[in-house]
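User: I would like to learn how to read the features of a structure one at a time, with the general idea set out before the particular case. Could we work through this one together?

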Amino acid sequence: MPELPEVQALREFLDENLVGKEIARALPVAISVLKTYDPPLSALDGTAVTAVGRHGKFLDIEAGGLHLLVHLARAGWLQWRDVLPSGPPRPGKGPLALRVALTGGDGFDLTEAGTTKRLAVHLVHDPADVPGVARLGPDPLAPGFDRDAFADLLTGERRQIKGALRDQSLIAGIGNAYSDEILHAARMSPFKPVRNLDDAEITTLYAAMRTTLGEAVERSHGLAAGRLKAEKKSGLRVHGRTGEPCPVCGDTIREVSFSDSSLQYCPTCQTGGKPLADRRLSRLLK
């Protein structure tokens, strides 16, 4: 799933390649992708793109006073095309979900792999009209989001750290992959309860979060959209690397599997050398 660093890189890429250009047509291909109908997508025809923003994992393309909000979900992606294929795209079983064609012949496709279709596109007058945007917590890389603001968010939190970091209404933009990376950098178990964190550990977790996300954004800066997936994978130290040696201590990276996802961690760095039980209600063995 694209998370804050990749969506930020897409925002920067589109800011350079899309802003100032005129939209010829926005063409939905998969009927499931469009979540709003008023105003219609045809309202974008002939408008110029004036800005591209980001809200958590949402891309925000502003044109003609409207906002095209895109959430790529787990398997979605944006593919920029210097020359779009001639003729309208045909609905079918392929990955293409929506095409935005520009008057200059270029544009981009939104695609989604797999059979579970969760990619979402909204066309609204105000980003806050999209429930997923309206409920977002603060951006972890925002200049004003300091350690004390982070600590305030965690006050009264009863969940485990992994779940809290992934909650978009608590903190915007962090998903499964970067929560693993943050917790590895902080040397913390993903299943440690937030309420058990002391002040020093909150400081450590905050620093790990800012550093991990900041470095990922920096690695992705200036990359074309087509290279971002490979950059993300190459930069991950534990997530998706089950069975490989930990780059810090050399221990074998282990995995906890759930019904629809998995997490990876280093026992030596994060759990005192003890493995986590690989079941839905996993907890640190004591």
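**Salt bridges**

Analyst: The structure holds 13 salt bridges, and since this is a predicted model, each of them is to be read as a property of the computed coordinates.

User: Which parts of the chain does the salt bridge between Asp139 and Arg54 tie together?

Analyst: The general idea is to look up the element that holds each partner and then the separation along the sequence. The side chains of Asp139 and Arg54 meet with an N to O distance of 2.7 Å. Asp139 belongs to the loop between helix H2 (131-134) and helix H3 (147-154), whereas Arg54 belongs to strand E2, so the salt bridge links parts that are 85 residues apart in sequence. Both Asp139 and Arg54 are buried.

User: Are Asp148 and Arg147 buried or partly exposed?

Analyst: Here one compares the relative accessibility with the cut-offs, buried meaning under 20% and exposed over 50%. Asp148 has a relative accessible area of 47% and is therefore partly exposed, and Arg147, at 22%, also counts as partly exposed. Their side chains form a salt bridge at 3.4 Å, N to O.

User: And how do Arg159 and Asp167 fall under that reading?

Analyst: They fall on opposite sides of the cut-off for burial: Arg159 is partly exposed because its relative accessibility is 32%, while Asp167 is buried because its relative accessible area is 17%. The salt bridge between the side chains of Arg159 and Asp167 is 2.9 Å from N to O. Besides such pairs, salt bridges that share partners join Glu3, Glu6 and Lys232 into one network.

User: Where does Lys232 sit, and what does Lys232 touch?

Analyst: Lys232 is placed in helix H7, and its relative accessibility of 13% is why it counts as buried. Not counting residues up to four places away in sequence, Lys232 touches Met1, Pro2, Glu3, Glu6, Ala177 and Tyr178; Glu3 and Glu6 in that list are also its companions in the network of salt bridges.

**Helices**

User: How should I check the length of helix H1 and how far it is enclosed?

Analyst: For the length, one sets the expected span beside the distance between the end C-alpha atoms. The 14 residues of helix H1 (residues 4-17) should span 20 Å at 1.5 Å a residue, and the end C-alpha atoms are 20 Å apart, which agrees. For the enclosure, one counts buried residues: 11 of the 14 residues of H1 are buried, so the helix is largely enclosed by the rest of the structure. Among those buried residues are Pro5, Gln8, Arg11 and Phe13. The elements that cover the buried residues of H1 include strand E2 (49-55), strand E3 (58-63), E5, H5, helix H6 (199-220) and helix H7 (228-235).

User: Which residues does Asn176 contact, once its neighbours within four places in sequence are left aside?

Analyst: Asn176 lies in helix H5 (residues 176-186) and counts as buried because its relative accessibility is 15%. With those neighbours left aside, Asn176 is in contact with Glu3, Lys162, Arg166, His239, Ser261 and Ser262.

**Nonpolar cores**

User: Which residues of the largest nonpolar core touch the most other members?

Analyst: One looks for the members that make the most contacts within the core. In the largest nonpolar core, which has 36 residues, these are Leu14, Leu18, Leu44, Leu68, Leu110 and Val121. H1 gives the most to this core, with 5 residues. Apart from it lies another core of 26 residues, including Ala177, Ala186, Leu205 and Met209. Returning to Leu44, and leaving aside its neighbours within four places in sequence, the residues in contact are Ile23, Ala26, Ala63, Leu66, Leu68 and Leu123.

**The sheet**

User: In what order do the 4 strands of the open sheet run, and which are the edge strands?

Analyst: The general idea is to follow the pairing from one strand to the next. The order is E1-E6-E7-E5, with antiparallel pairing, and the edge strands, each pairing on one side only, are strand E1 (23-28) and strand E5 (76-81). Neighbouring strands of this sheet are turned by 15 degrees against each other on average, direction ignored. E1 and strand E6 (residues 96-102) pair over 5 bridges in the antiparallel sense, and Ile23 has Leu102 in E6 as its bridge partner.

Terms used. Residues numbered from 1 in each chain as written. Predicted model: local features only at pLDDT ≥ 70, side-chain atom pairs only at ≥ 80, totals over all residues. Heavy atoms only, no water. Pairing = 2+ DSSP bridges. Helix = DSSP H or I, 4+ residues; strand = E, 2+ residues; numbered from the N terminus. Axes fitted to C-alpha atoms, helices over the stretch in contact; angles between N-to-C directions. Buried < 20%, exposed > 50% of the residue type's maximum accessible area, 1.4 Å probe, protein only. Contact = heavy atoms within 4.5 Å. Expected span 1.5 Å × (residues − 1). Salt bridge = Lys/Arg side-chain N within 4 Å of Asp/Glu carboxyl O. Core = buried A, V, L, I, M, F, W, Y, C linked by side-chain atoms within 4.5 Å.
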